[in-house]
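Reader: I would like to go through this model feature by feature. Please take the DNA surfaces and then the helix packing.

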There are 2 protein chains.
Amino acid sequence: MDRPAVAVARAGSRAADRPETRGERKERTRQAIMDATLALCEDSSLVALSLRQVAKEVGIVPTAFYRHFASIEDLGLALVEDSFVSLRAMLRDVRRTDPDYGDIIDSSITVLEEHVRSRHSHFAFIARERSAGPPAVRAAIRHQIELVERELATDLARLTDPAYWSTEDLAVLSNMIVTLAVGTTEAILSARHDGEQAIVEQARTQLRMVLVGALRWRSDERAPTDRVEPVEPAERG
Amino acid sequence: MDRPAVAVARAGSRAADRPETRGERKERTRQAIMDATLALCEDSSLVALSLRQVAKEVGIVPTAFYRHFASIEDLGLALVEDSFVSLRAMLRDVRRTDPDYGDIIDSSITVLEEHVRSRHSHFAFIARERSAGPPAVRAAIRHQIELVERELATDLARLTDPAYWSTEDLAVLSNMIVTLAVGTTEAILSARHDGEQAIVEQARTQLRMVLVGALRWRSDERAPTDRVEPVEPAERG
DNA sequence: ACGTTGAGTGCACAGACGTTCACTGAGTTC
DNA sequence: GAACTCAGTGAACGTCTGTGCACTCAACGT
């Protein structure tokens, strides 16, 4: 285990022996750097990663790194971009599957699970660096998540009755669903394989619980807070 | 800004000139190390912290560190212990305030806000290292959070009707509330001061939404998933 | 064909890193 | 008050860090 693990393909990887364009080579090395970085900080974090570790893993000399990124932090910002491409691909799949399938909740969580599995280094990167990355990376991730929240809020507006749901409360609901999705993602990523199904089932139940509440919600009422204690006598049997 | 910022008090800090016990001094330095570490990894993470940085901040020589901890990871485990003392103090306050105050939700979130503010380095540590710390630290934090979830589940059992709530669903609800609490904590910690009140209000609304759902929940029904689309015709006006 | 461009090389540097070791000297135990 | 304990010292080590600089040489523009 001494030679690069996520190395940039040394020579003639495929496709006969076409000479390979200058831009192609650069892009390939850039991609190799990003892959190696995702692999290396899978346990720990970007902030604990050195430029030389990345270079060694890729199979280039440390100074060659600067041809692609000005710093590790700069690399991190590029990885945020890449990771949110994966996340948005998931959101597209969620929306695409919704009308077909009968149960929005089941299908949404299934799509989440599939994407988290297949692109797990991207989702893990977002979840980790969101709170532990370099300040600029944290800011970029939080901004992207905020955009996603706003999108989800407009989606929810189409599914709810505007007479009962204020736009503020839609934003709050959207934030809650995103928070739960992040939590579920983290749980899937840190679960052993045999525990994954239980987590997915839990996420489905949670989403159902939230939507039971959503069905009964009225933005102009200050909700059930004073009815929460006398719950037993209410409607039994 | 060259001399230690969170230094162990050099000599005769207070209390006349009592010679100071050996154990007292050790405990004081140990505490200074932990405080300095919390301060240093406030932005970034434990895994990005060097033993020498900590020593310099405390005002001791690097090798003196080993008199207190075997490694940074070991230090991290001690910080987990300390941080969860703060978290459990918060839970105690939540439970203590509940019966007095009319509104469980308002008072709980208020208590959360107060504790997160006054012990914010502890809460920030948990939130950050939970997903970015050294593996052993991550494991310790997840275990502690799991214990908290179990406690909350038994609390919830006392507030809900056992005829409608299975113990499994109580665990799921508990997990959801903890996830939301973690999310709210992270939001408070990364908010500018003027945005904090909005976040607190959002957390209250979210908890209300969840409890509206909880009131209507029946563990033996597969919830409202097929009623989520025809929501407009249901009960208007 | 020929000069230019630029990704990747190789060396060199000064500084920070974790850890070792023998040490000092104040607090403790007899 | 003499012997002991042990938190903190200070120098030294080999290794790893980011970055500067002069370089090569294949793809590129003309």
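Author: The model is predicted. Start with the elements that line a strand: α1 (22-40) of chain A and α2 (51-58) of chain B each supply at least two residues of the surface near DNA strand C.

Reader: Which element gives the most to the surface near DNA strand C?

Author: That is α1(A), with 4 residues. In total, 21 residues surround DNA strand C, and the closest are A:R22, A:T29, A:H68, B:R52 and B:Y66.

Reader: How do the residues of the surface near DNA strand C divide by class?

Author: There are 6 nonpolar, 7 polar and 8 charged residues.

Reader: What share of the atoms of DNA strand C within 4 Å of the protein belongs to sugar or phosphate?

Author: Sugar or phosphate accounts for 50% of those atoms, and bases for the rest. Individual polar contacts show both kinds of partner. On the base side, an N or O atom in the side chain of A:R22 is 2.3 Å from a base oxygen of DNA strand C. On the phosphate side, a polar side-chain atom of B:S50 lies 2.6 Å from a phosphate oxygen of this strand. For B:Y66, a polar side-chain atom lies 2.5 Å from a phosphate oxygen of DNA strand C.

Reader: Now the other strand. How many residues surround DNA strand D, and which are the closest?

Author: DNA strand D is surrounded by 22 residues, the closest being A:R52, A:Y66, B:R22, B:T29 and B:H68. By class, this surface has 7 nonpolar, 7 polar and 8 charged residues. Of the atoms of DNA strand D within 4 Å of the protein, 49% belong to sugar or phosphate, and the rest belong to bases.

Reader: Which polar contacts should I look at on DNA strand D?

Author: Take one side-chain contact to phosphate, one backbone contact to phosphate and one contact to a base. B:T29 places a polar side-chain atom 2.5 Å from a phosphate oxygen of DNA strand D. For B:V61, a backbone N or O atom lies 2.8 Å from a phosphate oxygen of this strand. In B:R67, a side-chain N or O atom is 2.8 Å from a base oxygen of DNA strand D.

Reader: Which elements give two or more residues to the surface near DNA strand D?

Author: They are α2 (51-58) of chain A and α1 (22-40) of chain B. The largest share, 4 residues, comes from α1(B).

Reader: Turning to helix packing, at what angle do helix α8 of chain A and helix α7 of chain B pack?

Author: To read a helix pair, take the angle and the distance between the axes together. Helix α8 (residues 196-216) of chain A packs against helix α7 (residues 167-189) of chain B at about 80°, with the axes 10 Å apart. Angles of 65 to 115 degrees count as roughly perpendicular, so α8(A) is roughly perpendicular to α7(B).

Reader: Which residues make the contact?

Author: From α8(A) come A:Q202, A:T205, A:Q206, A:M209 and A:V210, and from α7(B) come B:D169, B:A171, B:V172, B:L173, B:N175 and B:M176. The contact has 6 nonpolar, 4 polar and 1 charged residues.

Reader: How do α4(A) and α8(A) cross?

Author: Helix α4 (residues 104-118) of chain A and α8(A) have axes that come within 10 Å and cross at roughly 140°. That angle makes α4(A) oblique to α8(A). The crossing is right-handed. Residues in the contact include A:I105, A:I109 and A:R117 of α4(A), with A:V200, A:L207 and A:L211 among those of α8(A). By class, this contact has 6 nonpolar, 2 polar and 6 charged residues.

Methods. Residues numbered from 1 in each chain as written. Chains lettered and ligands numbered in written order. Predicted model: local features only at pLDDT ≥ 70, side-chain atom pairs only at ≥ 80, totals over all residues. Heavy atoms only, no water. Near = heavy atom within 4 Å. Polar contact = N/O pair within 3.5 Å; in protein donor to acceptor, adjacent residues only side chain to side chain. Nonpolar A, V, L, I, M, F, W, Y, C, P; charged D, E, K, R; others polar. Axes fitted to C-alpha atoms, helices over the stretch in contact; angles between N-to-C directions. Parallel < 35°, antiparallel > 145°, perpendicular 65-115°, else oblique. Contact = heavy atoms within 4.5 Å. Left-handed = near helix turned anticlockwise from the far one by under 90°.
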